[in-house]
Amino acid sequence: MYKKTDVEIGGKTITFETGKIAKQTDGSVVVTSGDSIVLVTAVADKKPKNMGFLPLTIEYQERMYAAGRIPGSYFRREIGRPSEKEVLTCRLTDRPLRPLFPDGYMCETQIISTVFSADPEIDPDVLAMNGASFALTISDIPWNGPIAAARVGYIDGEFVLNPTTSQLEKSALDLVIAGTRTAVVMVEGRAGELSEEVILDAIFFAHQGIQPLIDMQNQLREEIGKPKRQVESPAVNEPLKARVEELAADRIQTVVTTVDKMERYAAYDELKASILEQVDEELYESESEVFEMLDGYKKNLMRGRIVNEGQRIDGRTFDEVRPISCEVGVLPRAHGSALFTRGETQAMVIGTLGSERDEQHLEGLGGDVYRRFMLHYNFPPFCVGEVRFLRGPSRRDIGHGNLARRGVQAVLPEAEAFPYTLRVVSEVLESNGSSSMATVCGASMALMDAGVPLKAPVSGVAMGLIKEGDKVVVLTDILGDEDHLGDMDFKVVGTSNGITSLQMDIKIEGVDREIMGRALSQARDGRSHILEKMAEAIALPRQDVSEHAPKYITIKIHPDKIRDIIGPGGKIIRELSAEFDAKIDVDDDGTIKIFCSNDESAKGLREKIEAITAMPEVGRIYEGLVRTIKDFGAFVQILPGTDGMVHISELAPQRVEKVTDILKEGDKVRVKVIEIDGRGRIRLSRKAAMEEEK
């Protein structure tokens, strides 16, 4: 059935149209706002697959034709891995949808968002998120939605719902939230050192703003929605459950109270093997069924100890951060390096400084973007004691790196004051929870070790939640197991002044303002503690960049002299770059930016450029080279590309009959500039130079 409806959000109209195109899907919608148009489809297999997890795939595709562009790849088409923006939008869409699928639903499900038209002022990512919810809501796919999403900005002390791209450039906040009717289910974004109170108000300002989208979806589900497929709740094998709990009762306590992660995992593996040997085979169909039963028992026991007994796995209090160790300057040739260890999570973070030519070039719907700060996060298998193929960065790696990049970017110096391109790489060496927050802390220290004048140090902490009925526990600095068994993963990054980045995912149907406020307040205390520990290793940026970093200088020349630096076909600038092992960038206004490998090269190159581009000064004496002899005088080069004329009467104090009596071509001669006329012609005098120097 064809249906078209409009919803106004933040003063902007969003149109949802279904039943016209992509009609062979289980649910499809075309979402339009301004000139941005996104098609979102939802399709699910009819037969379930016993995969042990929800087989949900989210894809987001930006087609370059949407912005009237031809792809810059060799094949001139969108091929290969998705871009970083596409990956991040997939994650934004996935995270609020996944917790709302019912238990026992195992049909392979795919949601694809395709950008057909891109308005440079309206980012399609939020449209894709709302379209995914709409497509699932009107389909027959079992799902406990709807949800809705919006972006919120903060401009001149006022919140702005779904700001345009131009507005975001002036905004101190870029936050995407997703929520249900009653609660917030996902938060992601950056902030300019804003307080917890402002962030909390922003989240629930956006949550209130998305309610018309929730109303619209509920209404259309009643009007055109397909009947939902029935999902049978997974039957509990009570005899197996009773037997597993009976066999595990004595030894499971040892497992859940073992502090060391690897020892805890080893003890649990031994327990699994022992129980499998003792359980009668007629009680189960597969070994995985036994292990799932044991996992559930362990999870409930751990949650119960935290909520009812106040006992975390490693014995910490709810607001306690694990022991922290910080070192800087650990890699001798790196420009900046830091080793950050918090409990059993460890990251080696390296900072590298480069020139403007090292900026990252990104091709997107909004045009070419040049990024001067990059943060790359690597999570190798050995950091969790596993063996697997190295396949490049995963979607998780890209998401974690983006979160850390946003958190650190807020405190970077402006390009005008510190024009280096910056790259930070985080090598996660050990992981037991919140390696992305270890990356933030290590990045802050590595950049300060490299001599980058950060506005303030940055730290991050991951918060968890255990909610059992009316009992709610908020945990600071969660372990991997606490993340796995808990209901929320809330990462908060910031300085001592405020929040710079945050990300929240939940496994339950949402959290309210009171819980989120507690988490933000507790996170602030955790960040402050971590900043104190970091300051013991490095409190302020180094006074100068690393001795191994390129040295940066700027020279201002007259724009007319740019051609002298470039040379015919770029000959001069290439020769200078090779001679001094330098990168030279020349702006149209005559600003020359130089990156050299050391101070000596930088000094020599500066002198060479100043000589090439120097302007002659009246009254100054130069040592010149005789280029041409004429009957009336000689033409002398006093600066590269700059000649003047010495009249025969200015060659000597006495009368000179022939110019060649005094000078020959190729001679070096000291001359004084006595006049530069309105046409730029230079008069020189050997006589005046001789008299002055006498």
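Which residue takes a positive phi in the hairpin of β7 and β8? In this predicted model, the residue is Asp156, with a phi near 55 degrees.

## The hairpin of β7 and β8

Strand β7 covers residues 148-155 and strand β8 covers residues 158-161. The two run antiparallel and are joined by four bridges. Two residues lie between the strands of this hairpin. Tyr154 has Phe159 of β8 as its bridge partner.

## The sheet

The hairpin strands belong to an open sheet of eight strands, with the order β8-β7-β9-β10-β21-β20-β18-β19. The pairing is antiparallel. β8 and β19 (471-476) stand at the edges; each has a single partner strand, so one side of each is left without a neighbour in the sheet. From one strand to the next, the twist averages 20 degrees.

Within this order, β10 is followed by β21. Strand β10 spans residues 184-194 and strand β21 spans residues 499-506. Six bridges join these antiparallel strands. Gly189 stands opposite Leu502 in β21.

## Helices on the sheet

Helix α9 (residues 395-409) lies across three strands: β10, β20 (488-494) and β21. Its direction is at about 150 degrees to β21.

Helix α10 (residues 435-449) also packs on the sheet, where it touches β18 (459-468) and β20. The directions of α10 and β18 make an angle of about 155 degrees.

## Helix α12 and its partners

Helix α12 (residues 513-537) packs with helix α4 (residues 196-209) at an angle of about 150 degrees, and their axes are 10 Å apart. Because angles over 145 degrees count as roughly antiparallel, α4 is roughly antiparallel to α12. The crossing of these two helices is right-handed. On the α4 side, the contact is made by Glu196, Glu197, Ile199, Leu200, Asp201, Ile203 and Phe204. On the α12 side, the residues are Arg513, Met516, Gly517, Leu520, Arg524 and Arg527. By class, this contact of α4 with α12 has six nonpolar, one polar and six charged residues.

Helix α12 also meets α10: the axes of α10 and α12 come within 11 Å and cross at roughly 35 degrees. The crossing of α10 and α12 is right-handed. Cys441, Ser444 and Met445 of α10 make the contact with Ile530, Met534 and Ala537 of α12. The residues of this contact of α10 with α12 divide into five nonpolar, one polar and no charged.

Definitions and conventions. Residues numbered from 1 in each chain as written. Predicted model: local features only at pLDDT ≥ 70, side-chain atom pairs only at ≥ 80, totals over all residues. Heavy atoms only, no water. Axes fitted to C-alpha atoms, helices over the stretch in contact; angles between N-to-C directions. Parallel < 35°, antiparallel > 145°, perpendicular 65-115°, else oblique. Left-handed = near helix turned anticlockwise from the far one by under 90°. Contact = heavy atoms within 4.5 Å. Nonpolar A, V, L, I, M, F, W, Y, C, P; charged D, E, K, R; others polar. Pairing = 2+ DSSP bridges.
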